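Subject: Structure handover and notes

Dear colleague,

I am passing on the structure that we spoke about, with its sequence, so that you can open both before reading further. My notes come after them.

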Amino acid sequence: MAKNYYQPEMETMPLEDIQQLQSEKLVKQVKHVYENVKYYRDLMDAKGVKPEDIKGIEDLHKLPFIKKDDLREAYPYGMLATDLNKCVRIHSTSGTTGKRVVAFYTQHDVDMWEECCARAIVAAGGTNDDVCQVAYGYGLFTGGAGLHGGSHKVGCLTLPMSSGNTDRQIQFMMDLNATILCCTPSYAAYIGETLKEKGYKPEDNKLKAGIFGAEPWTEEMRHDIEKNLGIKAYDIYGLTEISGPGMAFECEEQHGMHINEDHFIAEIINPETGEVLPVGEKGELVFTALDKEAFPMMRYRTRDICVLSREKCSCGRSFIRMTKPLGRSDDMMIIRGVNVFPSQIEAVLLNCGYAPNYQIIVDRVNNTDTFDINVEMKEEDFSDIPVGITNREKELQSAMKAMLGINPKIHLVAPKSIARSEGKAVRVIDKRKRLGITI
Ligand code: ADP
Ligand code: ZN
């Protein structure tokens, strides 16, 4: 194998060939969906589009979108395109933003997904000499199963830890010489913190790489984790509705995630109007899965906001790259009329030397939004002298004001007082929801 590729013939295919392949697959897939999924056939009929109208990727924009609400409406079997007896697996979303969605997989679908994860592991330097510790949750969540399958395909020695039981994670990591760690970035940060507490230095572990995703994380958090664990930290992206993690992954450049374009077409749209935007503009990511049998998704609106780039990558992959999602469109808080993303807050905290342990609390009192951020102090900064703390709260407040344009109330709290996450971290508590305010 020339470089860090799992399937070089696909990963380095010239753009024209990729697009040709996408067109051929799209024509077939539209027929498959139209014939087998009544829900989507009705959407196409309502829009006046027939399968024959789709002759290639240039016609993609004619197809109707699928939204998360459609999947909730069609729950559980309404989007199924094959007989249930061809399906071998069910997974479900984490339900981060509402009712869970269930997705079905045939063996072919599982293989395709696991190959995507294998590409991600190999891109992070993984080979059959590696010991791959999978500390994403196993079960309905796609994180554990996806990386587990990918690790097997690469031939790594797989440590199927699942998430949680951090003492045991660390014991096995050290005793069995894990070289690759896969988990959410917030859990990676927690493992790093616990290693330090136990007296381990970054060079005491054998880890060389981490593959972290399933939730938003900032560049600042990446640097923190890399430093604390002594590794290179790679981002990985995916969603259950389309398959799971591995739809996009970082290469050694660590500069945006390559989308597996032989399996998925990515578009960026204006989330308000649905208009397709040119590559390079910021908007909502939309995916069309080209190879799925059981749960085929056409123009699925992810609600993740990001930017795509066709700039050539030094790794040699021709797949388009996506930036880290800047947040979900439904993650965005509107506080006193200003748009605020948790990722902006995290960036300020890490820039100011705090650890990524924080919680944002928004409420509405007397018709005015209140905006509080609890931020944990590091052990070494913790003092009982309230004056010092008040000054530091003020400093942090003005840094936040400069980034966000509005003033939060900062509360520096004791180390370890904010609950750690073994899966996706809960960063925002929006109490306005009890008032029926849906922002
Ligand atoms: P849920 O939407 O209920 O959390 P999933 O477990 O399928 O369900 O999670 C998919 C979502 O997780 C994506 O739509 C995206 O918002 C988020 N996500 C996944 N990977 C990343 C990543 N690397 N960076 C930021 N967000 C991510
Ligand atoms: Zn690359």
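What follows is a description of the sheet, the metal site and a few backbone details.

Please bear in mind that this is a predicted model, in which local features need pLDDT of at least 70 and side-chain atom pairs count only at pLDDT 80 or more, while totals for chains, interfaces and linings use all residues. Residues are numbered from 1 along each chain as its sequence is written, chains are lettered from A and ligands numbered from 1 in the order in which they are written, and side-chain values use heavy atoms, with hydrogens and water left out.

The sheet is a good place to begin. Nine strands form an open sheet with mixed pairing, in the order S4-S3-S5-S6-S7-S8-S9-S14-S13; strands here are DSSP runs of E with at least two residues, helices are runs of H or I with at least four, both numbered from the N terminus, and two strands pair if DSSP finds at least two bridges between them. Strand S4 (157-160) and strand S13 (308-309) stand at the edges with a single partner strand each, so one side of each has no neighbour in the sheet. Strand S3 (residues 131-134) runs parallel to strand S5 (residues 180-183), joined by three bridges, and Val134 has Cys182 in S5 as its bridge partner.

Strand S7 (residues 232-238) is largely enclosed by the rest of the structure, because five of its seven residues are buried, a word that means under 20% relative accessible area, with exposed meaning over 50% and partly exposed in between (1.4 Å probe, protein chains only). S7 runs parallel to strand S6 (residues 209-213), with five bridges between them, and Ile211 stands opposite Tyr234 in S7. On its other pairing, S7 is antiparallel to strand S8 (residues 245-250) and is joined to S8 by three bridges, with Phe249 in S8 as the bridge partner of Ile236. S7 and S8 form a hairpin with six residues between them, and Gly244 in the turn has a positive phi of about 150°.

The zinc ion (ligand 2) has four protein donors, Cys251 (SG), His258 (NE2), Cys313 (SG) and Cys315 (SG), at 2.1 to 2.3 Å, where donors are N, O and S atoms within 2.8 Å of the metal (3.2 Å for Na, K and Ca), and sites may look incomplete since water is not among the atoms. The site is tetrahedral, with angles of 102 to 112° among the four donor atoms; four donors count as tetrahedral if all angles lie between 85 and 135 degrees. In sequence, the spacing of the donor residues is C-x6-H-x54-C-x1-C. Both Cys251 and His258 are buried, each at 0% relative accessibility.

Some backbone details also deserve a look. Most residues other than glycine have a negative phi, and most peptide bonds are trans. The peptide bond from Tyr75 to Pro76 is cis, with omega near -10°, and Pro76 lies in the loop between helix H4 (68-73) and strand S1 (87-92). Arg336, in the loop between strand S16 (333-335) and strand S17 (338-340), has a positive phi near 50° and is partly exposed, with a relative accessible area of 37%. Asn367 has a positive phi of about 65°, sits in the loop between strand S18 (358-365) and strand S19 (368-376), and is exposed at 73% relative accessible area.

With best wishes

Methods. Four donors count as tetrahedral if all angles lie between 85 and 135 degrees; four count as square planar and six as octahedral if opposite donors are over 155 degrees apart and all others between 65 and 115; anything else is irregular.
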